[in-house]
Amino acid sequence: MFDKRLMLLCPESKRYILGNILLQFLELCLNAAMIVTVAVSVQRLYDGAWSLQNLALPLLGILCTVLLRFFTTRYAVRMSYLASRTVKRVMREKIYAKLLRLGTAYREHVTTAELVQEAVEGVDQLESYFGQYVPQFFYAFMAPIALFFLFGFGGSWRVAAVLLICVPLIPGAIMTVQKIAKKILAKYWGQYTQLGSAFLENLQGMTTLKTYQADEFKNAEMNRESEHFRKVTMAVLTMQLNSVTIMDFVAYGGAALGILLAARAFIAGSIGLANVVFMILLSADFFLPMRRLGSYFHVAMNGMAASDKIFKFLGEPEPEEKTESVPGGGIELKNVRFAYDREREILHGVSLSIPEKGFIGIVGESGSGKSTVASLLMKRNTVGSGSLTVGGKEIGSLSEVSLMKTITYVGTGSVFFKGTVRENLLLAAPDADDAALWKALSDCALSDFLQSQNGLDTPLLENAGNLSGGQKQRLALARAMLHDSPVYIFDEATSNIDVESEETILSRIRDLAKSKTVLLISHRLANVTDTDCVYVMQSGSVAEHGTHGELLKKNGVYAKLWRVQAALEAYGKEAV
C-alpha cells in the first residue's frame, strides 16, 4: 500500500526517507553485532575458555553498541521529522496555490470547512504517513532478507528459510484487512468532514440559534451525528485491533517456531551453543520490522484516505491563467444564465447595461437574483451561458488580479481581521499615509469616534466584534474608498444598520457615483431613486428597467413594490 503520487509530489523528502531507512538498517547491524558478542561470550564461558574476568572487553563492546544504537534511533526519528515537515509544507503550499488559482470561485468545488480540514487534519495525517509508514515500508522488506543471510551463514539455512517463509504472512494479513479497511476509512473521513462542517456552521450561527431557541434542536442533531461518527470510529479501531492480533500471532508464532527449530538443531548437534544463542536472541528481529509496519497500517490508511481527498481537490479543473487586463468601459450582461446546480436555474437570460461612470440600481424581492449578478461580476461564480463583458471583453478572459483592482465589492458581510483599524485600512491601500486614512474615516463619519479611542491604533476584535453594525459598515466603506477602483458594487450595504449610518453611507455612494461606475443593489427602493437607471429583478429575470419616474409611470412591478414599501414606512411613522 504505497501511493507514488505522494512521492512525486514531494521529491525532496526522499533523502530523509532514505536516511531513515539506512539508520534503521545500521541499528539492525549493531543489534546483530551485540548479539554475536553475547553468543560468543556464552559459548566461551560454557567451554571454560573464559572466566568472568574476560567479560570486561565484551561488556565494553556491548555498551558502545547500545550507545551507537541510541544515536542511530535518535537520528532516525530526526529523519522522520524532516521528511514529514517537508511534506506538510509542500502539501499546504500546493493546496494554497490551488486555492489561489481557483480564485473566489473555489466554493464551486469544495466547501470552506472541507478545505480547512484537508489543509489541517488531512495534511497532519500525511505527516505520520511519510515519517513513519513509508520508511518502515521499505525497511520491513530489507531487514528479513539481510537476516536470512546472517542466519544462514551464522547458524542454520533451514531455520533461516522457515523464518523467511513465515514473514510474508504478515503483509498477507495486512492486505486482507486492507480490503475491508479501505471502505471503512473512506466512510470515516466522509463522516469526519461532514461533522466538521456541521460544527463550524452551528458555531458561526450560535447567535441565531440562541435567538430562536433552536440550540437544543441543533445540539440533538449534532449528538446524532457524533454518535454515528463514534460508531464509524469504533469500527476503525476494531479493525485495527483485529489486524494487530493477527499480526502478533504470526510474528510471535514465527519467532517461537524459529527458536524451536534452532533448539532442535542444537540438541541434534548440527549447530553450536553460540549459533543457537545467536538465533534465539535474533529470531524476533525477523518479524519485528514487518510487525511494526503492520502497527503503522492505520496510519497509512488514514494518510491514504486523506491524500485521496487532497488529490481530488488538487485535481479539480481550474480556469486557464488569464493575463488580459480590464479595459476601461462599461459592463454588459446579455442573456446571462446561471445555476448553482442543474436542477434549479437562478438567472434566466438576464440582460442589463452598466455604463462607464454610470449610477445603476438593481432592486427586487429576496431571491430574485440580485446578489447573484454581483457574484458573477466578482467571478465568485462562473457564467453558465450568455455574455458578461467588462470594457467589451468577456469576464472569463480577464485576469482576476486586474478585475479585483478594477471592481470593489462592499456587502453586508465585510470581513475585518484581528488587529488595528490602521492595519485593516491598509489592506486596501498599503502606501496610504495617516492623512489619507483619516480623510477616509472622516468622510464616513468615523473620525470622531476613533479619536475618542486609540485613533488609528484602535484594536479590532475578531471581525470587528467591538464595533456596532453601523460602525462596521462605515469602516468597510472607508476601506473601499481607499481602494480607489473605477467600479464599485454595493450589495445591500445599508441593510440592518441604524438610520444615521445608512444616510452617511448613501451620501458617500452618491458622491462616488459622480466620478466612478457604481452599482447599487438594494431591497429598499428609496435608496435608488436618484440612480441613472433601475433594473427590477423578478424570479431571476429583469422584469423592467428605467428611471425611478419612468418605472412609476409604467405601473408595473417596481410601482407595486414602491407602494407596498411606502405604505409600510408610513405605517411605521404613524405607529411612532
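Begin by selecting helix H17 in this predicted model. Twelve of the 15 residues of H17 are buried, so the rest of the structure largely encloses this helix. "Buried" here denotes under 20% relative accessible area. To display these positions, select Gly470, Gln471, Gln473, Arg474, Leu475, Ala476, Leu477, Ala478, Arg479, Ala480, Met481 and Leu482.

Next, show the C-alpha trace of residues 469–483, which form H17. From the first C-alpha to the last, H17 reaches 21 Å, close to the 21 Å expected at 1.5 Å a residue. Then step to Asp484, which follows H17 and has a positive phi, near 50°.

Move on to strand S9, residues 487–491. S9 runs parallel to S6, and four bridges join the two strands. Within this pair, select Thr408 and Tyr488: Thr408 stands opposite Tyr488 of S9. In general, the strands of a sheet pair through backbone hydrogen bonds, in either a parallel or an antiparallel manner.

Widen the selection to the open sheet, whose six strands follow the order S6-S9-S10-S3-S11-S12 with mixed pairing. Its edges are strand S6 (407–410) and strand S12 (541–546), each of which pairs on one side only. On average, neighbouring strands of this sheet are turned by 15° against each other, direction ignored.

Finally, add helix H18, residues 499–512. Which strands does H18 lie across? They are strand S3 (359–364), S9 and strand S10 (517–521). With S10 in view, note that H18 runs at about 145° to this strand.

Definitions and conventions. Residues numbered from 1 in each chain as written. Predicted model: local features only at pLDDT ≥ 70, side-chain atom pairs only at ≥ 80, totals over all residues. Heavy atoms only, no water. Pairing = 2+ DSSP bridges. Axes fitted to C-alpha atoms, helices over the stretch in contact; angles between N-to-C directions. Contact = heavy atoms within 4.5 Å. Expected span 1.5 Å × (residues − 1). Buried < 20%, exposed > 50% of the residue type's maximum accessible area, 1.4 Å probe, protein only.
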